Protein chains: 2
Amino acid sequence: MRKPEHPRALLRAMFDAAVAAAAPDLCVPAHLPSPPRGRTVVVGAGKASAAMARAVERHWPGELSGLIVTRYGHAVPCERIEIVEAGHPVPDENGMNAARRIRQMVEGLGPDDLVLALISGGGSALLTLPADGLTLGDKQAVNRALLRSGATISEINCVRKHLSAVKGGRLAAAAAPARVVTLMMSDVPGDDPAVIASGPTVADPTSFADALAILKKYRIREPEAAIAHLRAATDETPKPGDSRLTGNRAVMIATPQASLEAAADVARAAGVTPLILGDSIEGEASEVAKVFAAIARQVVAHGQPASAPVVLLSGGETTVTVRGKGRGGRNAEFLLAMAVDLRGAARIHAIACDTDGIDGMEDNAGATIDPGTWARAEVAGIDLVARLADNDAWGAFSVLGDLVITGPTLTNVNDFRAILVTD
Amino acid sequence: MRKPEHPRALLRAMFDAAVAAAAPDLCVPAHLPSPPRGRTVVVGAGKASAAMARAVERHWPGELSGLIVTRYGHAVPCERIEIVEAGHPVPDENGMNAARRIRQMVEGLGPDDLVLALISGGGSALLTLPADGLTLGDKQAVNRALLRSGATISEINCVRKHLSAVKGGRLAAAAAPARVVTLMMSDVPGDDPAVIASGPTVADPTSFADALAILKKYRIREPEAAIAHLRAATDETPKPGDSRLTGNRAVMIATPQASLEAAADVARAAGVTPLILGDSIEGEASEVAKVFAAIARQVVAHGQPASAPVVLLSGGETTVTVRGKGRGGRNAEFLLAMAVDLRGAARIHAIACDTDGIDGMEDNAGATIDPGTWARAEVAGIDLVARLADNDAWGAFSVLGDLVITGPTLTNVNDFRAILVTD
């Protein structure tokens, strides 16, 4: 056990370990099924799904073909699997066409064939195919109304699945009698396979009646075509136990929790006690920062909830209510708020990054802070309080030279935060 | 070790232990100094100071006299010490007159006399005496401008002390050559004696030049009388090492941390692992609630940062940005936001109360939630999401029968929150 003599390097090593634990090249091969007697068709959607497809290609012993839809800028070159880029978070025609082709591709397979589905965060918007008789506009209108209404994510998912031709297990049902093995990366609280990308290959316990009840609860009465579809449709999503899904399985190959555990291993090897506070922390970034700053101060002042050296690890996705005109994602904003709260407090260092390598709309994955941040900002003439009020965390950390830049990591298990308290 | 079979009773026992640890009748007698050869004069200010005075009267072996200023409604009957009630958080004439009389009372004492100062939260507003040539209006104008400017509490305190005739150690300097022993209750982060009630009996390291620099930094140029006073005055606050303060001492008899430790003892005796996350958690109540809900869920899902049964303990003072028209203090709002976030999650119970017994402007100290809160609200026809949007936590918990009502406890070590995760 050695002391954390270079806190910034140690924090960066923890983040790198978190990303590596979710790297497709590492976690896809370990979970590949045996090749089938028949054909293998690879399909999927999500921000990490192209990189997952490349990992399949590199390690798959037999023939394969397929189609993957990923976000613009997230394609990687594949030889046998076609990669299509499409719109996210707002679906577009590219995504719809890819979803239609994916559905056609799995229809007509036989019992000896295998569908390998590669699903990751963002797949719900990327793999969009309205049910017969509905338009993309209908689906989007319902979606917007639900988001405004305060409905929970599981309520929104229930409605989405019943307006779609691929979500809620419909893709797997279309593939029957072929067996479907799904490899999934989670970026959602609870890591529920039925939630990630709205579960295109996973049984759905909810019904058309449930979807109608949700729209009624939130007084959503338009568009008429969508309501009429929910009332008249009879082709339910496949339920748990549905014979069309027999023999299928879904494997969670990367999760926020597994990445936090990997970072915890790095901490322990450096003689630092890891405390994993949550794999799905949510809330306004600048307010969450105050809570974490207070916990770090408690370690300094009272050796609680554990004695230093300690690292507080957490995942999940904070939000930023934009009020200013500056630049910066939620991770940089979190750190800027922490730096303002701590005002140079000794012994407290932190890193916060998006594991996908892109914090918001900028070029950085995140940033770091340390006990010298406040003083260095004063020397540089940067008013951190004013920058925070202007949501200009990227600007502040750019001048300070404290941005963490990795480029797209081609994986995504949401945000990673580590707060190191040295002794 | 027994299991927490009655979570609500256990949570209430923890809160009661936290309050008891700060009860003047318990913690004043243990810290009383030996009686002096000469007179004993008891002075002080704060929400708990009248109750502290009563505890002194009950246990003091010799003669004494004195004057205490407390908040309206916080007086308790004393026989030898006069109790005056005054305005808080906005100072008034009653407070000013009491401060002037207190200062006169300690002037002219001799080296064999003792001043026993009883200081608790709220004392800064209650013990207000502008420096010669200034009005209460001048002080208040500067104070308002500083609060609007984003100045830190230590910057605000520096300016306050240099516009006052009693703060920043001036009361102790006026008492010299009498010895001053100060018994303090803390309701501030860091428990700094120079911060609580702006430290009337404690040396002040800051100067008139510092105060002027702070006003310049925040571009505060009015009122003219206050600026002129800071430029022209020569009677500095007593600095550390000032001979007038030799032999004085300040004892912290109650702190948020000590109250959390008392609650932790109750938890341990019940076989529950206590994790003290912070004695000074700040931030918007509803956002802090999301973070704590996520940590509680991590205990349930992964046994981290510790295995259940666990109780997450914290102190400090959250804030509520009022947007609705409902009723309720910050502790009830915190719990309502937690209940909305948890939506009936199993195994998670919580209590949040102000240790002074009054949550905001209502009649309750706080409230409790449990896994049944969400379902009971549905049965009762209470929409918890709508109540939260309307800041109507008191209304919601009142209908649910889950308010915690204690009446004024006559002590104050800020808020108390305990989140119990059963196994």
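1. At what angle do the axes of helix H12 (residues 285-302) of chain A and helix H13 (residues 330-342) of chain A cross? Keep in mind, as you look, that this is a predicted model. The answer is roughly 50°, and the two axes come within 8 Å. An angle like that is neither under 35 degrees nor over 145, and it falls outside 65 to 115, so H12(A) and H13(A) count as oblique to each other. Their crossing is right-handed.

2. Now zoom in on who touches whom in that pair. From H12(A) come A:Ala285, A:Ser286, A:Val288, A:Ala289, A:Lys290, A:Phe292, A:Ala293 and A:Arg297. H13(A) answers with A:Arg330, A:Glu333, A:Phe334, A:Ala337, A:Met338, A:Asp341 and A:Leu342. Sorted by class, the contact of H12(A) with H13(A) has nine nonpolar, five charged and one polar residue.

3. H12(A) also has a partner on the other chain. Helix H12 (residues 285-302) of chain B packs against H12(A) at about 60°, with 9 Å between the axes, and that angle makes H12(A) oblique to H12(B). This crossing is right-handed. Try picking out the residues: A:Glu287, A:Val288, A:Val291 and A:Phe292 on H12(A), and B:Glu287, B:Val288, B:Val291 and B:Phe292 on H12(B). Six residues of this contact are nonpolar and two are charged, with no polar ones. Notice that A:Val288 and A:Phe292 appear here and also in the contact with H13(A).

4. Step back to the two chains. Chain B and chain A bury about 2200 Å² between them, and 54% of that is on carbon and sulfur atoms. Each side is well represented: 26 residues from chain B and 26 residues from chain A take part in the contact. How many salt bridges does the rule find across the interface of chain B and chain A? It finds zero, although the structure holds 46 salt bridges over all chains.

5. One salt bridge deserves a look. The side chains of A:Arg37 and A:Asp112 meet at 3.8 Å, N to O. This pair links distant parts of the chain, with the two positions 75 residues apart in numbering. A:Arg37 sits in the loop between helix H2 (24-27) and strand S1 (40-45) of chain A. A:Asp112 is in the loop between helix H4 (93-106) and strand S4 (114-119) of chain A.

6. Over in chain B, check helix H6 (residues 136-149) and helix H7 (residues 153-161). They pack at about 165°, with their axes 10 Å apart. That value is over 145, so H6(B) is roughly antiparallel to H7(B). The crossing is right-handed. On H6(B) the contact uses B:Lys139, B:Val142, B:Asn143, B:Leu146 and B:Leu147, while H7(B) brings B:Ile156, B:Val159 and B:Arg160. The split for the contact of H6(B) with H7(B) is five nonpolar, one polar and two charged.

7. Finally, a few backbone oddities. Most residues other than glycine have a negative phi, and most peptide bonds are trans. Where does chain A go another way? A cis peptide bond joins A:Gln304 and A:Pro305, with omega about -5°. Another cis bond joins A:Ala308 and A:Pro309, with omega about 0°. A:Pro305 is in the loop between H12 and strand S8 (310-316) of chain A, and A:Pro309 lies in the loop between H12 and S8 of chain A too.

8. One more for the list is A:Ala197. Its phi is positive, about 55°, although A:Ala197 is not a glycine. You'll find A:Ala197 in the loop between strand S5 (179-185) and helix H9 (208-217) of chain A.

Conventions
Residues numbered from 1 in each chain as written. Chains lettered and ligands numbered in written order. Predicted model: local features only at pLDDT ≥ 70, side-chain atom pairs only at ≥ 80, totals over all residues. Heavy atoms only, no water. Axes fitted to C-alpha atoms, helices over the stretch in contact; angles between N-to-C directions. Helix = DSSP H or I, 4+ residues; strand = E, 2+ residues; numbered from the N terminus. Left-handed = near helix turned anticlockwise from the far one by under 90°. Contact = heavy atoms within 4.5 Å. Nonpolar A, V, L, I, M, F, W, Y, C, P; charged D, E, K, R; others polar. Buried area = accessible area lost by both parts, 1.4 Å probe. Salt bridge = Lys/Arg side-chain N within 4 Å of Asp/Glu carboxyl O.
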